[in-house]
Amino acid sequence: MRVAVLLVVLGAIAAVLGLQVLASFSSTATSPIHVPRSEHRRALGEAGGAVPDGTTVFDDEIPGVANLDSDLLGALRRAATDAAHDGVEFSVDSGWRSPEYQEQLLREAISKYGSEEEASRWVATPDRSAHVSGDAVDIGPSVAAAWLSEHGAAYGLCLIYGNEPWHYELRPEAIAHGCPRTYADPRHDPRMQQ
Ligand SMILES: [Zn+2]
């Protein structure tokens, strides 16, 4: 009887030890190659044009900035340098986007706004988006967008849509003539019509 109890206890101890060994083996085996899923998503997103918080117009290593039209980027950098003298910092909330990323944003907007028609007030299709061609940038925070609405024309940087006070594109003629009138929203922009 005593032997039987001893064997059961020893068996239980062995089982616990075995589990611990297995557990420690599996954790040490996976940790060196384990990368959190969010890191993968961010890497894929950045390559497609998603930008990390705090991205500036000077961040050449970030595709969302680097793939912008070079004249637009030059104007943004001149404006950002002058704005900094006024104590205003520009951040890039969105710049160049891959067609796939634009498509993803459009799908999200359709599910958020409930229809393609309503989503089209905010997000263009990949074949029409000025973000996909590298010709548009969304500037934040609102104090920076406000600085641009006041001073942007001098750099050729213009607000295009009344409903998107953060969305800027290059209109070189604005330096001499001022920015053109804004469209109420993208549906009124001839470029967005089929
Ligand atoms: Zn935009």
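## The zinc site

Which residues coordinate the zinc ion? In this predicted model, the donors are His131 through NE2, Asp138 through OD and His167 through ND1, at 2.0 to 2.1 Å. Along the sequence, these donor residues follow the spacing H-x6-D-x28-H.

Let's see how covered two of these donors are. Histidine 131 has a relative accessible area of 4%, and because buried means under 20%, histidine 131 is buried. Aspartate 138 counts as buried too, at 7% relative accessibility.

## Strand β2 and its partners

Aspartate 138 brings us to strand β2, which spans residues 136-140 and is mostly covered, with 5 of its 5 residues buried. In a regular strand the side chains alternate between the two faces of the sheet. In β2, Ala136, Asp138 and Gly140 lie on one side and Val137 and Ile139 on the other, and both faces are covered.

Strand β2 pairs with strand β1 (residues 91-94) in the antiparallel sense, over 3 bridges. One of the bridge pairs joins serine 91 to glycine 140 in β2. The pairing of β2 with strand β4 (residues 167-170) is also antiparallel and has 3 bridges. Here the zinc site comes back into view: aspartate 138 has histidine 167 in β4 as its bridge partner, and both Asp138 and His167 are zinc donors.

## The disulfide

How many disulfides does a search of the whole structure find? There is 1, formed by cysteine 158 and cysteine 179, with their sulfur atoms 2.0 Å apart. The angle about the S-S bond is -85 degrees, and the link is left-handed. Cysteine 158 belongs to strand β3 (residues 157-159) and cysteine 179 to the segment after α8 (174-177), so the bond ties together parts that lie 21 residues apart in sequence.

Is each end of this link buried or exposed? Cysteine 158 is buried, with a relative accessible area of 0%, whereas cysteine 179 counts as partly exposed at 33%.

## Leucine 159 in strand β3

Strand β3 also holds leucine 159. At 23% relative accessibility, leucine 159 counts as partly exposed, because the buried class ends at 20%.

Leaving aside residues up to four places away in sequence, leucine 159 touches Glu164, Pro165, Trp166, His167, Tyr168 and Thr182. His167 in that list is also one of the zinc donors. The C-alpha atom of leucine 159 is separated by 9.1 Å from that of tyrosine 183, which is 24 residues away along the chain.

## Helix α4

Helix α4 covers residues 70-85 and offers a neat check on geometry. At 1.5 Å a residue, its 16 residues should span 22 Å, and the end C-alpha atoms are 23 Å apart, which agrees.

Which residues of α4 are buried? They are Leu72, Leu73, Ala75, Leu76, Ala79, Ala80 and Ala83. These residues cover an arc of only 160 degrees around the axis, which puts them on the same side of α4. An α-helix has 3.6 residues a turn, so residues three or four places apart point the same way. The elements covering the buried residues of α4 include α3 (63-66), β2, α7 (142-151), β3 and β4. On the face turned away from the buried side sit the exposed residues Ser70, Asp71, Arg78 and His85.

## Helix α5

The same check works for helix α5 (residues 99-113): its 15 residues should span 21 Å at 1.5 Å a residue, and the end C-alpha atoms are 21 Å apart, which agrees. Its buried residues are Tyr101, Gln102, Leu105, Leu106 and Ala109. They cover an arc of only 140 degrees around the axis, which places them on the same side of α5.

The buried residues of α5 pack against α6 (116-119). Exposed residues Glu100, Arg107 and Ser111 are carried by the face turned away from the buried side. Just after α5, glycine 114 takes a positive phi of about 90 degrees.

## The chain as a whole

To step back, the protein chain has 8 helices and 4 strands. From the N terminus on, the elements run α-α-α-α-β-α-α-β-α-β-β-α. Of the 194 residues in the chain, 35% are buried. Among contacts between residues at least 6 apart in sequence, 56% join residues at least 24 apart.

Technical notes. Residues are numbered from 1 along each chain as its sequence is written. This is a predicted model: local features need pLDDT of at least 70, side-chain atom pairs count only at pLDDT 80 or more; totals for chains, interfaces and linings use all residues. Side-chain values use heavy atoms; hydrogens and water are left out. Donors are N, O and S atoms within 2.8 Å of the metal (3.2 Å for Na, K and Ca); water is not among the atoms, so sites may look incomplete. Buried means under 20% relative accessible area, exposed over 50%, partly exposed in between (1.4 Å probe, protein chains only). A disulfide is a pair of cysteine sulfur atoms within 2.5 Å. Helices (H or I, at least four residues) and strands (E, at least two) are DSSP runs, numbered from the N terminus. Two strands pair if DSSP finds at least two bridges between them. The expected span of a helix is 1.5 Å times one less than its number of residues. The arc is that of the directions from the helix axis to the C-beta atoms. Contact means heavy atoms within 4.5 Å.
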